[in-house]
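Student: I am new to this structure. Could we look at it together and talk through the words used to describe it?

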Amino acid sequence: MTAPTSDASQPAVPYGTPDAPRIAVRGEARLEVDPEIARIGITVAARGRDRRSALDDLTRRNAGVLDLVKSYGDAVERLETGAFSITPELTKHGRGERVRTYHGSVHVTAELTDFTALGELTTRLADLELTRVDGPWWALRPDSPAHREARKKAVREAVQRAREYAEALGTTLSALVELADIGAENAPPPYPQAPGRARSAAYGSAAENAPAAPLDLEPQRQRVHAQINARFTMVPPEL
């Protein structure tokens, strides 16, 4: 029998060799930037003794809300209608399915880029009849330059950290072997939604009070986080 050769399909050494030592580091960056958009949720309600009157009132109030939001022009980047419902309320006493009243609601979401107009619009919406306002929720766009800047900063930090390790051994880096987002080998984690401070205005009637002064809304700073793994080879040090 012939003895197996010494170089028969040996697995690669994952952490480098004496001739090509590897350095594995993590680069991380955290930025704090101003938000780019603000979202508000608007809920319009109506109530009537019959389905048609509730629906008519809801349609009228919803049209008023949409007209008001659209009047702010380019300050509003997106306007979307979400859930709509008309729900009968049955009487608590008596037999049979007797309807006491009907409740209707429409939910609208508006996204603004002009924060000066945001306070005025929010106040005017909250002053409308049976209209509720929730928000604002501050956020960055998915393609915001802040995300790109955080990733670039994380890479620079990884290179700097690896260079410092090499210098501590009296040598230098020779090549980049791998650069990857944290978790890229498995399932990449989604970007977390930027947190926002929620404010809400309860249902009110425009006829009850004089027009309210615009709210002074301070934009909430957004935190951007980037992490990467990097592996380098270095010139063999003289130990």
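Student: Why is Trp138 called buried?

Tutor: Happy to help, and keep in mind that this is a predicted model. Trp138 has a relative accessible area of 3%. Buried means under 20%, so Trp138 is buried.

Student: What makes the rings of Phe115 and Trp138 an edge-to-face pair?

Tutor: Two values decide that. Their centres are 5.0 Å apart, and the limit for a pair is within 6.5 Å. Their planes stand at 85 degrees, and over 60 counts as edge-to-face, so the name fits. The count of aromatic pairs comes to 1.

Student: Why does this pair tie together parts that are apart in sequence?

Tutor: Phe115 belongs to helix H2 (residues 115–126) and Trp138 to strand S6 (residues 131–139), so the pair links parts 23 residues apart in sequence.

Student: How do you know that S1 and strand S2 pair?

Tutor: At least two bridges are needed, and S1 and S2 (residues 20–33) have 2 bridges, in the antiparallel sense. Ala20 in S2 is the bridge partner of Thr17.

Student: Which residues touch the most other members of the largest nonpolar core?

Tutor: They are Ile40, Ile42, Val69, Leu121 and Leu125, out of 27 residues in that core. Helix H1 (51–70) is one of the elements that give it two or more residues, and H1 provides the largest share, 6 residues. Another core, of 17 residues, lies apart from it, including Ala29 and Ile228.

Notes. Residues numbered from 1 in each chain as written. Predicted model: local features only at pLDDT ≥ 70, side-chain atom pairs only at ≥ 80, totals over all residues. Heavy atoms only, no water. Helix = DSSP H or I, 4+ residues; strand = E, 2+ residues; numbered from the N terminus. Phe/Tyr/Trp six-rings, centres within 6.5 Å; stacked < 30°, edge-to-face > 60°. Buried < 20%, exposed > 50% of the residue type's maximum accessible area, 1.4 Å probe, protein only. Core = buried A, V, L, I, M, F, W, Y, C linked by side-chain atoms within 4.5 Å.
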